[in-house]
Amino acid sequence: EINSRNAEQPQPRKVVISHNLDNVLQDVIDLICRHYILVWYESISEDQAFVKHVQVEMWKVIDKVSRRLSEIDLVSFLSQDVLDCLNQHFKNIRLAKKNKLDKSEEDFKQFLLHSWLKEEEKELSCLRNVSETLLLLLLSPPYATCAPLRHLLREIIACSVLKPTIDLLCDPDFINQKLLDYMAYREKLYADTKRTYMYSATYEGFIKKIKSSDSITDLKQMR
């Protein structure tokens with residue numbers, strides 16, 4: 001069990017990423033505590049120290065993730081690591097299709113999926129391993145070394161967070177819908193921009209109209 005006496009007392013929180021983003025993250029943490037912790041904890045105890053400790057630990061995890069991400073060379077990661085993985089993936093698919101056309105059924109070498117993608121239980125097992133590794137790296141030592149707590153969090157992250165997220169991102173309908181939403185957003189943005197400058201043929205003329213106008217109503221219409 002975790003010795004509560006050894007747990008650190010909540011301290012005033014420093015800015016982790018930025019004031020605006022931290023405020024949004026705090027809202028998310030508050031919602032998590034309200035809907036997933038307080039719903040059962042309030043029937044056990046009225047002491048809010050536990051909830052505060054949970055929030056402090058969440059911020060420590062966010063801080064560690066932020067610092068680790070800041071150490072990544074994004075240019076190298078996106079232009080080399082990600083592209084190399086995608087290139088190898090599509091290369092294997094292309095070779096598998098070519099082999100299927102050129103060779104007989106006996107000699108045909110299929111495109112092999114990762115072993116953990118063949119069955120749902122194997123996929124969950126892989127996600128559990130990933131979750132436990134993340135917990136060992138990100139949690140504070142008193143919590144990371146507590147096996148029952150770590151296993152509970154592992155199951156929550158693997159089964160209720162990672163698995164549904166991966167299933168959603170791999171759903172073709174979700175991808176198509178997001179593409180349609182983005183196209184609609186771009187069309188609306190273009191239409192709004194076009195309306196903004198339709199009062200004058202040129203940008204210079206538009207600025208002259210603003211400078212020569214003393215009507216607030218007209219200026220609001222030109223905005």
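## A guided tour of the model

A search of the whole structure turns up zero disulfides. Keep in mind as you look around that this is a predicted model.

**Stop one: two cysteines.** Select Cys85, which counts as exposed at 56% relative accessibility. Then select Cys159, which is partly exposed with a relative accessible area of 30%.

**Stop two: a patch on the surface.** Now select Ile17, Leu21, Val24, Val28, Ile32 and Tyr36 together; these residues make a nonpolar surface patch of about 530 Å². Pick out Val28 from this group and you will find yourself in helix H1, which covers residues 19–36. Is Val28 buried or partly exposed? Val28 has a relative accessible area of 40%, so the residue counts as partly exposed.

**Stop three: the largest pocket.** Where should you look next? The largest pocket has a volume of about 1,600 Å³. The pocket is lined by 33 residues, and the closest to its centre are Ile32, Ile37, Val54, Met58 and Leu153, so select those five to find the middle. Colour H1, helix H3 (49–70), H5 and helix H7 (147–169) as well: these are the elements that give two or more residues to the lining. You have already met Ile32, in the nonpolar patch.

**Stop four: Leu134.** Finish by selecting Leu134, which is found in helix H5 (residues 120–138). At 39% relative accessibility, Leu134 is partly exposed. Add Ala144 to the selection and draw a distance between the C-alpha atoms: Leu134 and Ala144 are 9.9 Å apart in space and 10 residues apart in sequence.

Methods: Residues are numbered from 1 along each chain as its sequence is written. This is a predicted model: local features need pLDDT of at least 70, side-chain atom pairs count only at pLDDT 80 or more; totals for chains, interfaces and linings use all residues. Side-chain values use heavy atoms; hydrogens and water are left out. Patches are made of residues with over 30% relative accessible area and no salt bridge: like charges are joined within 9 Å, nonpolar side chains (Val, Leu, Ile, Met, Phe, Trp, Tyr) within 5 Å. Accessible areas come from the Shrake-Rupley method with a 1.4 Å probe; for residues, only the protein chains shown count as cover. A salt bridge is a side-chain nitrogen of Lys or Arg within 4 Å of a carboxyl oxygen of Asp or Glu. Helices (H or I, at least four residues) and strands (E, at least two) are DSSP runs, numbered from the N terminus. Buried means under 20% relative accessible area, exposed over 50%, partly exposed in between (1.4 Å probe, protein chains only). A disulfide is a pair of cysteine sulfur atoms within 2.5 Å. On a 1 Å grid over the protein atoms alone, a cavity is a set of points where a 1.4 Å probe fits but cannot get out, and a pocket is an open set with protein on both sides within 12 Å along at least five of seven lines; lining residues have an atom within 4 Å of a point. Grid points are joined across faces, edges and corners, and a volume is the space filled by probe spheres set on the points.
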